[in-house]
Amino acid sequence: MTRDEEIWPRVESALRGLVPVTLTTMLVVLCVLPLGVPLLGSVMPLLPLMAVYYWAVHRPDLMPYAASGLIGLFQDALSGTPLGLSALVYVSVHAVVVNQGRFFHGKSFVVIWFGFAVLAVGAAVLGWLIASAYYQTLAAPAPALFQLLLTMALYPALSSLFGLVQRELLRPA
Amino acid sequence: MRRWDGRYVTRVAAPAKALLQRFGFVVLLAGAFTLLMVGRTQTVMVERLSTAVTDLMAPVMGALARPIESAQDMAEAVGRVFTVYEQNEALRQSNERLLRWETVARRLEQENAALRALLNYRPETLSAFVSARVIGDSGSAYVRTKLLDAGARDGVAKGQAAITNDGLVGRVVEVGERSSRLLLVTDLNSRIPVVVEATRQRAILAGDNTETAYLALLAQNARIEIGARIVTSGHGGLLPPGLPIGKVSAVGDGENRVQPLVDFSLLEYVLLADGTMPPLKPMAPDPRPPEPAQ
């Protein structure tokens, strides 16, 4: 057996392992692209939050805390929110998922979606509190509320996309 | 002699790794919190961090924004084909009206020139236009900003006004090497000195992250009518005076809302213009001791 034969499968599996983080990073960019849809700029669904949640539930080994923190920072820098706001929110959501692992393990989709809805509410409240404290004024709650509703409603769509990726690219768990 | 094989490393590293995985989030949360605190006080340092990221991403986002723009333009063009007749009629009518206005404008222009010559008046001119493409939205519920593909190397500076054919869009708040960030007039942190165009009443146009802005610090007895045009006053010298911003859309007790003239969701290009005053220089400290109050 030559060395090459040992190395390539490892490189391949390492690359596959990067898929969740890469995908989430791409969703951050998608979030801030000027899509030209009226009103969407301010209530863009939080796609990265869905991604962080999905991978923290289904493949926590491929989504470390540091990754959700860095993804949050990346989003803050791109969208112009106070640096650290999204990072704080994503890491918090991630930590709740990991520490309540038993609740999520092997549950049906509806339960997972419900869990996401609850955490999304928490994330919206936390984000709103941080923004209000940072700017020392009460941020308008309406945009955050619409963003929350859109985020909750779109979770099944994104979740099935991630499911496809997980089945096709990450089969050997 | 003990061998430094993989098993030994695993034996030591595994518990450490597990501990980090279990409580790593505490470190990260503390880090993010600290960053937020630092960001409030050491604004410049944290800003540099975020402009470094936007500078890095500007070419990528610029490339990604192109096909979206083309698709929008195409959809618009297709939509126009179906309304050619109506549009033609509307244009014919507005052409007639504009021709009448032209006569008026020519007469006023001559009158103006003659009066200015009499007064020896020096007109204010907008200086240093830089055009920039919008390559990013905020995508957030807490800020109203746009990312531009021009930065310091293109002549963009903090405080410049961003305008389109329709009116004022906002101000430049962060400048990187090849990207910059625009604060829309509807952002929570936007405060712009304005006047009501017809009545010259002064106010501050303030944003609150909704789709419209409101008039703050308006005189108590001021009477505002729906549809009144709001323009920049130029007070403070940060923005050129007379730039149209919006129209009053709602009048109420203590809250007069202003609908911006620019549709921020369809923004593709903006012009950046300097204010009328040179940037402030820090004042030299006064060497004399302060006089005691009477």
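## A barrel that includes β3 and β4

In chain B, strand β3 (residues 161–163) and strand β4 (residues 168–175) pair in the antiparallel sense through three bridges, and within this pairing B:A162 stands opposite B:G170 of β4(B). The structure described here is a predicted model, and every value in this report should be read with that in mind. As general background, strands of a sheet pair through backbone hydrogen bonds, and they may do so in a parallel or an antiparallel way.

The pairing of β3 with β4 belongs to a wider arrangement, in which six strands of chain B close into a barrel in the order β1-β2-β5-β4-β3-β12, with antiparallel pairing. From one strand of this barrel to the next, the twist averages 45°. Helix α2(B) packs on the sheet, where it touches β1, β2 and β4 of chain B, and its direction makes about 90° with that of β1(B).

## Strand β1 and its two partners

Strand β1(B) has β12 and β2 as antiparallel partners, and these two pairings can be taken in turn. Four bridges join β1(B) to strand β12 (residues 269–273) of chain B, and here B:R133 stands opposite B:Y269 in β12(B). Three bridges join β1(B) to strand β2 (residues 145–148) of chain B, with B:K146 in β2(B) as the bridge partner of B:D137.

Is β1(B) mostly covered or mostly open? The strand is mostly covered, since six of its eight residues are buried.

## A second barrel in chain B

Chain B also contains a barrel closed by six strands in the order β6-β7-β8-β11-β10-β9, and the pairing is again antiparallel. Neighbouring strands of this sheet are turned by 45° against each other on average, when direction is ignored. One of the pairings joins strand β6 (residues 191–196) to strand β7 (residues 202–207) of chain B through five bridges, the two strands running antiparallel, and in β7(B) the residue B:A206 is the bridge partner of B:R191.

## Where the two chains meet

How many residues of chain B are in contact with chain A? There are 42 such residues in chain B, and they are in contact with 46 residues of chain A. On the chain B side, α1 (6–41), α2 (43–81) and β1 (130–137) each supply at least two residues, and the largest share, eleven residues, comes from α2(B). Sorted by class, the side of chain B that touches chain A has 23 nonpolar, 14 polar and five charged residues.

## Two helices of chain A

In chain A, the axes of helix α2 (residues 19–32) and helix α5 (residues 65–79) come within 10 Å and cross at roughly 20°. Because angles under 35 degrees count as roughly parallel, α2(A) is described as roughly parallel to α5(A). The crossing of α2(A) and α5(A) is right-handed.

From α2(A), the residues A:V21, A:T24, A:T25, A:V28, A:C31 and A:V32 meet A:A67, A:I71, A:F74, A:Q75, A:L78 and A:S79 of α5(A). The residues of this contact divide into eight nonpolar, four polar and no charged.

## A buried alanine in chain A

A:A124 is found in helix α8 (residues 109–135) of chain A. Why is A:A124 counted as buried? The residue has 22 other C-beta atoms within 10 Å, and a residue is buried if 20 or more lie within that distance. Leaving aside residues up to four places away in sequence, A:A124 touches A:A144 and A:L148. A:A124 and A:L46 are 78 residues apart in sequence, and 9.9 Å separates them in space, C-alpha to C-alpha.

Definitions and conventions. Residues numbered from 1 in each chain as written. Chains lettered and ligands numbered in written order. Predicted model: local features only at pLDDT ≥ 70, side-chain atom pairs only at ≥ 80, totals over all residues. Pairing = 2+ DSSP bridges. Axes fitted to C-alpha atoms, helices over the stretch in contact; angles between N-to-C directions. Parallel < 35°, antiparallel > 145°, perpendicular 65-115°, else oblique. Left-handed = near helix turned anticlockwise from the far one by under 90°. Contact = placed C-beta atoms within 7 Å. Nonpolar A, V, L, I, M, F, W, Y, C, P; charged D, E, K, R; others polar. Buried ≥ 20, exposed ≤ 12 C-beta atoms within 10 Å, placed from the backbone.
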